[in-house]
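Reader: I have a protein model to look at. Please take me through its sheet and its charged pairs.

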Amino acid sequence: MLIKISVENFKSFDQKEELTMISSSKMQGNKSHRMKIKQTQLLKNAVVYGANASGKSNLVTAFAFIKTALIEGLSVGSVNHFCRNREENKTRESVFELQFTVGDTFYAYGFSAILSQRKVTEEWLYELLQNGGAHQLFMREGSNAPVLGEDVKCSASEKSRFAVYAEDFAGHDAQLFLTEMNRGKKYAESSKLKFFCEAFNWIMNDIIVINPNIGISNTEAYYNDESLDSIRKLIQTFDTGITDIKTRQITVDEMSKMIPAEVVQSIFAHLKVQMQMTNQPSIQMTWRVEGGFFHIRIKENSEPEITTLVLKHGKSVFDFSFFEESDGTKRLFDLIDMLLTDRPDAVFVVDELERSLHPKLTEHFLKLFMEAHNGIRMQLVFTTHEDTIMDQELFRRDEIWFIERDAYNASKIYSLDRFKERYDKKLSKAYLEGRYGAIPVFRQFSFRKGE
């Protein structure tokens with residue numbers, strides 16, 4: 001589960017900003033929205049409000065950037081991702097850190113980099129202790145070879161193995177060492193270095209980022225008969241008019257006619273990189289891009305297997321393709337897997353969850369999500385403009401967050417909990433009145449009319 005994300009000098013974030021999932025000890029409402037791991041109470045939800053261009057999407061992008069950096073390193077495209085509000089930020093370090101749990105183990109992984117130079121300056125992984133202390137697992141500084149923490153008690157052979165990997169890695173300024181320690185590496189169940197794959201796998205597999213235009217998942221839910229039946233029943237509760245969902249196998253050429261060829265190429269390139277990273281003989285993933293919904297399975301030395309969705313409406317005898325559906329229905333298909341999946345410690349990070357959805361559909365979805373994962377270690381972090389769900393019966397105060405830009409055009413993150421509102425307070429009304437900030441501020445404009 002996610003404990004905290006912090007980011008500094010990235011996009012619209014200038015100074016260090018953080019969003020934490022640690023619950024307030026003073027709040028007693030909605031106790032089912034918390035999960036206790038050892039002595040720590042973690043929240044299951046975080047809803048983030050803010051005006052347009054306040055930085056909400058940049059928070060979601062920070063999650064995606066960490067994952068991308070682990071796959072590709074610091075790409076050429078990242079050189080302008082520093083906060084461009086001030087000239088000195090170009091040569092200042094950008095810092096990213098995730099704190100999270102895998103089972104009952106608490107980790108903090110992060111790195112700093114001068115993005116304009118594509119140079120990682122520091123990288124670290126710690127095990128966090130309940131007494132507030134921490135054990136360093138590895139540290140990498142500048143171009144030096146990474147080193148193991150003194151508390152890592154591994155065998156002589158494992159130390160030797162690590163030393164070889166670390167020495168070979170020295171000088172790879174644009175790459176992350178956590179990635180290198182998972183590039184085709186295998187660890188025994190009893191290995192003291194297993195934390196490398198535990199941390200890497202959680203970030204890569206259990207942070208699921210969904211933006212308004214592209215939904216990505218590694219689920220088989222839409223292509224398994226049993227789960228497809230569940231999806232069919234769930235979709236019907238949203239009053240979309242869809243009465244049946246089937247699958248149809250297509251070729252790469254057919255897929256290229258549904259979506260741009262360059263998008264198809266980028267999808268397959270992404271899957272091949274994932275295969276290399278995981279050292280697996282096959283890989284599969286579900287992609288929703290504008291105009292299509294595809295499940296792709298790639299096996300070594302075999303043609304890719306591609307399946308798409310075919311939909312039925314009412315009593316019509318004709319099939320409907322996914323691209324013919326409304327934007328709201330497409331959005332539901334992005335999200336509905338979240339109701340069926342069961343991934344311990346996973347966190348869904350969704351930008352503009354309410355995009356193209358009626359407010360009642362958004363509320364219905366959130367209630368289903370909470371019901372489906374009651375008592376399960378699963379979290380939802382999402383951005384929204386939908387004020388009708390800002391309700392203390394639906395969310396705790398410490399689950400509601402705001403992002404706004406300051407006088408220097410830098411994004412600031414803060415929690416509703418700092419306002420200490422009464423439990424009977426109508427939050428949405430107070431928000432729209434500007435009590436909590438994070439709403440648009442309009443300037444006067446006059447239309448000049450001719451004489």
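Reader: Which strands does helix 10 lie across, and at about what angle does helix 10 run to strand 19?

Author: This is a predicted model, where local features need pLDDT of at least 70, side-chain atom pairs count only at pLDDT 80 or more, and totals for chains, interfaces and linings use all residues. Residues are numbered from 1 along each chain as its sequence is written, and side-chain values use heavy atoms, with hydrogens and water left out. Helices (H or I, at least four residues) and strands (E, at least two) are DSSP runs, numbered from the N terminus. Helix 10, residues 359–372, lies across strand 5, strand 18 and strand 19, and its angle to strand 19 (between N-to-C directions, from 0 to 180 degrees, with axes fitted to C-alpha atoms, for helices over the stretch in contact) is about 165 degrees.

Reader: What is the strand order in the open sheet of six strands?

Author: Two strands pair if DSSP finds at least two bridges between them. The pairing in this open sheet is mixed. The order of its six strands is 11-18-19-5-20-21.

Reader: Why is one side of strand 11 and of strand 21 left without a neighbour in the sheet?

Author: Strand 11 (207–210) and strand 21 (411–415) stand at the edges of the sheet. One side of each has no neighbour there because each has a single partner strand.

Reader: In what sense do strand 5 and strand 19 pair, and over how many bridges?

Author: Strand 5 covers residues 45–49, and strand 19 covers residues 378–384. Val-48 stands opposite Thr-383 in strand 19. The two strands pair in the parallel sense, over five bridges.

Reader: Is Val-347 buried or exposed?

Author: Val-347 is found in strand 18, residues 346–350. Beyond four places away in sequence, Val-347 touches several residues (heavy atoms within 4.5 Å), among them Leu-2, Trp-202 and Gln-379. Buried means under 20% relative accessible area, exposed over 50%, and partly exposed in between (1.4 Å probe, protein chains only). Val-347 has a relative accessible area of 0%, so Val-347 is buried.

Reader: What distance separates the C-alpha atoms of Val-347 and Gln-379?

Author: Val-347 and Gln-379 are 32 residues apart along the chain. Their C-alpha atoms are separated by 4.5 Å.

Reader: How many salt bridges does the count come to?

Author: Side chains of opposite charge can pair when their charged atoms come close. A salt bridge is a side-chain nitrogen of Lys or Arg within 4 Å of a carboxyl oxygen of Asp or Glu. By this rule, the count comes to 24.

Reader: Which residue meets Arg-377 in a salt bridge at 2.8 Å, N to O?

Author: Arg-377 is partly exposed, with a relative accessible area of 21%. Its partner here is also partly exposed, at 42% relative accessibility. The salt bridge at 2.8 Å joins Arg-377 to Asp-104. The pair links distant parts of the chain, 273 residues apart, and the partner in the loop between strand 6 (94–102) and strand 7 (105–114) is Asp-104.

Reader: With which residue does Arg-377 form a salt bridge at 3.5 Å?

Author: The closest N and O atoms of this pair are 3.5 Å apart, and the partner is Asp-345. The two residues are 32 residues apart, with Arg-377 in the loop between helix 10 and strand 19. The partner is buried at 7% relative accessible area, and its name is Asp-345.
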